[in-house]
Amino acid sequence: MEEPLVRIGSRQRAHPVGMIEEAIGLVRSLPAGLLAWYYLGTGPFCLGLLYFTVDMSKGAFSHEYCFSASLGMAGLFVWMKSFQSLFAVKVYEHLGQIRISQWTPRSVLRMIYIQTIIHASALIILPVAALITIPLVWTFGMVQMILVCDYRHPMRIRTQVRHCFDIGRQYTRTNHLALLILIPFGLFVFLNVGLLFFQLPYLVKMFTAFETRFTMGGFNPLNSTFLMIVSCLTYLCLDPVIKAMFILQRFYGDAMSTGLDLMAGLKAVTKKAAGPVILGSLILTGLAVGSSQPARASGSVPTPVYAEPAGENRIDAGDLDRQVKRVMAQREYQWRMPIPEKETEATNWVISFFKWLKPYVKAVVEAVDNFFEAIWKFIRRLMPRMKEPVNIKPDPPETGTPKYLFYGIMGISILVVVLVFILYRRKKSRLTPPEAEPEPVAVDVSDEEITPQALPHDQWMTLARELMAEKKYRLAIRAMYLGTLAGLSARHLLDTAFHKSNRDYELELIRRAHEHPELVSAFGQTVRFFDRVWYGGYPVAEQDAVVFENQQKGILDAVG
């Protein structure tokens, strides 16, 4: 079994930064095989969630199989929570150098049953607790700590929930501050991962001259697929640290009644010191036996010899003070001395104004400080401190770091709200009312750079009929084809872009409308006929244009 992690003291353990540091150290010390259990369960769920989100948001016929896909996601959720519980139990065993798991079919079924009930209920309980705000940390901590259970024996879920709640209340203040630290940290991880994926296609192009769809047609980092990928990777990076923090709290909470942390420390010391202690004992025993023989033969006991006290060399206290002052006056020690106050004469009206303003500014600052101090005391009364064991040495005085951290977070939150409100008002003021009737746009159908977004479907078809009336059948065919692309784009079956070819549109429709093969087949015939006419110079008669128009109507009627 692996060597246990060196743990910090109980006073530092109650500090949020100390708890986060210990959780990160625990994750770094875990063997790779142990972390593999976590990613074996969480990785498939993240991939399934990504596919489910993209398919449900962009698939034109996703409503037909939404129920079965949701059941699949529920199964992946149970899979993830079961493997996360397995990971948490193994981390707990790693900490305590004990074994609380015996994986039999009955214990595995018991684990799946308990974790399914708890985490399915948490999907409803956590949002409600977030609305109330205060119980959120207790509920979230209980959901994380209950991942550690002894599945060898039957248990009551209510007893486990109550036990985890009791441990979580001991760390109320610590968990609130720790989550306030981890949330901005998670935002920075999200931004780092997003920037990496945003720059990766351009780095590949820079070093290999290989063009991708992202570098050719532009890339919008605010699309839902990109944000979902970055969110899943951020979760995979940050969630093991959060799990480790609450597993440590569960371990320390159990150790208050069982002494698991002391036993784990003793096992580590015994394992390290067993060899040297035995060797040292043998050496000392041999020396003791060897040295006792002469003493027993002579029968005399050596008497201790004390040195004669030397003459007194006393230092006068006044001389000592003068020497200390002379040394402290040297240049290398001047940084320890207080800065002398310089008296300045108020000969300038600017200095006089600031002297007059100083007491008023001080009064305002004290009033704001008293206001936040009252809020801080109110929250402290709502959060009972952790019951700490009695120490022989007095604890160091508590610093005001959490208080000022709270002040800083409150100030930043207010600043962000004000900034968002200003940007919203500015954006709203720039919005202009839409025109009642848009003016018709002149479109040159023969222009190769024209895209289907230039006109809506109805206007494309109107333009095609005008071209047929003028006997410009080749241009009419192109107008009808662009109108079909615009109609399919309006029905979310295609995403039109300048860089896409007709083959790209055909493959995209196969992917999105795979359950309607007749639609895909009709569109394929349309693409092949259009390519022959527009790029191959195939002669077109009026009858061909009429047949093509009817075919386009059939395509759009098939999708409603």
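## Contacts of K243

In this predicted model, K243 touches Q84, F87, Q144, L147 and Y235, leaving out residues up to four places away in sequence. The residue belongs to helix α10, which covers residues 224–258. K243 counts as buried because its relative accessible area is 2%, and buried means under 20%.

## The chain as a whole

The secondary structure of the chain consists of 19 helices and zero strands. The chain has 560 residues, and 33% of them count as buried. Its exposed surface comes to about 36400 Å², of which carbon and sulfur atoms supply 66%.

Contacts can also be sorted by separation in sequence. Among those between residues at least 6 apart, 72% join residues at least 24 apart.

## Helix α3 and residue F45

F45 has its place in helix α3, which runs over residues 32–58. With a relative accessible area of 14%, F45 is buried. Apart from neighbours within four places in sequence, F45 is in contact with M73, L76, F77 and M80. Another residue to compare with F45 is V78: the two are 33 residues apart in sequence, and their C-alpha atoms are 9.2 Å apart in space.

## Cysteines

The count of disulfides in the model comes to zero. C46 is in no disulfide, and the nearest cysteine sulfur, that of C232, is 4.5 Å away. This separation is too far for a bond, because a disulfide requires cysteine sulfur atoms within 2.5 Å.

Both residues of this pair can also be placed by accessibility. C46 is buried, with a relative accessible area of 8%. C232 also counts as buried, at 10% relative accessibility.

## Aromatic pairs

A search of the whole structure finds 16 aromatic pairs. One of them is formed by W356 and Y360, whose rings are tilted, with 5.2 Å from centre to centre and 55° between the planes. W356 and Y360 both lie in helix α13, residues 349–382, and are four residues apart, about one turn of the helix. Y360 is partly exposed, at a relative accessible area of 48%.

F530 and Y535 form an aromatic pair with an edge-to-face arrangement: the centres are 6.1 Å apart and the planes make an angle of 85°. This pair counts as edge-to-face because its angle of 85° is over 60 degrees. F530 is buried, with a relative accessible area of 3%, whereas Y535 is exposed, with a relative accessible area of 54%.

## A ring cluster and charges over rings

F530 and Y535 also belong to a cluster in which ring pairs link Y481, F530, W534 and Y535. One ring of this cluster, that of W534, has R474 over its face, at 4.1 Å from the ring centre.

A further charge over a ring involves R532 and Y538. The charged end of R532 sits over the ring of Y538, 5.9 Å from its centre.

## Helix α17 and its cover

Helix α17 covers residues 502–512, and its buried residues are N502, Y505, E506, E508, L509 and R512. Seen down the axis of α17, these residues fall within an arc of 165°, so they line one face of the helix. The elements that cover the buried residues of α17 include α3, α16 (473–490) and α18 (517–534). Helix α3 is also the place of F45.

## Loops on either side of α16

K471 is found in the loop between α15, residues 457–469, and α16. This residue has a positive phi of about 65° although it is not a glycine. K471 counts as exposed because its relative accessibility is 59%, and exposed means over 50%.

H492 lies in the loop between α16 and α17. H492 has a positive phi of about 60° and is not a glycine. At 56% relative accessibility, H492 counts as exposed.

Technical notes: Residues numbered from 1 in each chain as written. Predicted model: local features only at pLDDT ≥ 70, side-chain atom pairs only at ≥ 80, totals over all residues. Heavy atoms only, no water. Helix = DSSP H or I, 4+ residues; strand = E, 2+ residues; numbered from the N terminus. Buried < 20%, exposed > 50% of the residue type's maximum accessible area, 1.4 Å probe, protein only. Contact = heavy atoms within 4.5 Å. Areas by Shrake-Rupley, 256 points an atom, 1.4 Å probe, with all protein chains shown as cover. Phe/Tyr/Trp six-rings, centres within 6.5 Å; stacked < 30°, edge-to-face > 60°. Lys NZ or Arg CZ within 6 Å of the ring centre and 35° of its normal. Arc of directions from axis to C-beta.
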